[in-house]
Amino acid sequence: MLEATIDASLLKDSIESLSVLVDEARVHISPEGIGVKAVDPANVAMVSFELQADAFDEYQAEESEIGLDLTRVLDILGVAEKTDKVKMKLEEDSRKLSISIGGISYTLTLLDPSTIRAEPRIPQLELPAEIVVNGKGFSRTVKAAEKISDHMSMGVEGETFFLEAEGDTDRMRQEMPRDELISITPGPARSLFSLDYLSDIVKPASKSNEVTLQIGNDFPIKINFEIAGGRGKVGYLLAPRIESE
């Protein structure tokens, strides 16, 4: 059972944070809120998502799991204005989800969760360096790197965070010392990442004032930020590309 009302813009941001990696997801519903863990088809990136019950205007739920076609939900949310409210009701017997936006009602047939890839086990990594950056600024650097290459390295030298992309003939580098960062915990770190994935991940992250990056030497990167005024959180784990000698 689920009956909930939420801001259309918040729901859209939430779905988009998942859809950058997967088209379908198993959504866990509980009285405390909703959650998703998913891995992309290539096993390169993972996403974890939580939205607390108090992020909704109204929320009543019991423990359940549903399969959701994220692409279809985003298409529906495309008719919503930013100020609209979205009302959702889960019809348990028929396994359908009713969505109402501005007087328009939709009924979606849910996917069988067993047909969707099982949620991944998120590895517990202790990474030596942690950097907190502005999401918009981070997104701008990723876009700049895309002009040069299809991959970008990130690392720490002393108390400076650097981002670097190198193509066949050209190179881009940005250095951000401590006074240009929200915070930094220095440590040995340098890893190379695919810009195909980073450019997708930074789209939802760019809306956050604070994005936390945790990196190491040739280790996955953790990218975390809050949504809904701290009543929700999104986390990504992206595997590195190993640099050839």
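**Notebook: pockets, cavities and the strands around them**

I began with the second largest pocket, which has a volume of about 210 Å³. A reminder to myself: this is a predicted model.

Which residues line this second largest pocket? I listed D13, S17, P204, K207, S208, N209, F225, E226 and I227. By class I got an even split of 3 nonpolar, 3 polar and 3 charged. Helix α1 (8-19) and strand β17 each supply at least two residues of this lining, and β17 gives the most, with 3 residues.

**Entry: strand β17**

That sent me to β17 (221-227). I looked up its burial: 5 of its 7 residues are buried, so the strand is largely enclosed by the rest of the structure.

Next I checked the partners of β17. On one hand there is β16 (residues 211-215), joined to β17 by 3 bridges in the antiparallel sense; here T212 stands opposite N224. These two strands form a hairpin with 5 residues between them, and D218 in the turn has a positive phi of about 55°.

On the other hand there is β18, which pairs with β17 over 7 bridges, again antiparallel. E226, which I had already met in the pocket lining, has K233 in β18 as its bridge partner. β17 and β18 also make a hairpin, with 4 residues between them, and A228 in that turn has a positive phi of about 55°.

**Entry: the largest pocket**

I then turned to the largest pocket, where about 400 Å³ of space lies. How many residues line it? I found 20, of which K37, S48, E50, I122 and G235 lie nearest its centre. β17 turned up again: along with β3 (33-39), β4 (45-52) and β18 (232-238), it supplies at least two residues of the lining. The classes are 9 nonpolar, 6 polar and 5 charged.

**Entry: enclosed space**

A search of the whole structure gave me 2 cavities of 30 Å³ or more. The largest has a volume of about 220 Å³. Of the 18 residues that line this cavity, L11, I15, V27, I34 and L68 are the closest to its centre. The elements giving two or more residues are α1, β2 (24-30), β3, β6 (64-69), α2 (70-77) and β8 (96-101). Helix α1, familiar from the second largest pocket, gives the most here, with 4 residues. I was pleased to see how the classes fall: 17 nonpolar, 1 polar and no charged residues.

The second largest cavity holds about 40 Å³. I noted G67, L68, D69, R72, L108, T109, L110 and L111 around it, with L68 already on my list for the largest cavity. β6 and β9 (104-109) each supply at least two of these residues, and the largest share, 3 residues, comes from β6. This lining has 4 nonpolar, 2 polar and 2 charged residues.

**Entry: a four-stranded sheet**

Last, I traced an open sheet of 4 strands, in the order β13-β12-β11-β15, with antiparallel pairing. Why is one side of β13 and of β15 left without a neighbour? β13 (171-177) and β15 (189-194) stand at the edges with a single partner strand each, so one side of each has no neighbour in the sheet. Neighbouring strands are turned by 15° against each other on average, direction ignored.

Between β11 (residues 151-157) and β15 I counted 6 bridges, and S153 stands opposite L192 in β15. Helix α4 (residues 195-205) packs on the sheet, touching β11 and β15, and its direction makes about 90° with that of β15.

Technical notes: Residues numbered from 1 in each chain as written. Predicted model: local features only at pLDDT ≥ 70, side-chain atom pairs only at ≥ 80, totals over all residues. Heavy atoms only, no water. Pairing = 2+ DSSP bridges. Axes fitted to C-alpha atoms, helices over the stretch in contact; angles between N-to-C directions. Contact = heavy atoms within 4.5 Å. 1 Å grid on protein atoms, 1.4 Å probe; cavity = no way out; pocket = protein on both sides within 12 Å on 5 of 7 lines; lining within 4 Å. Points joined across faces, edges and corners; volume = space filled by probe spheres on them. Nonpolar A, V, L, I, M, F, W, Y, C, P; charged D, E, K, R; others polar. Buried < 20%, exposed > 50% of the residue type's maximum accessible area, 1.4 Å probe, protein only.
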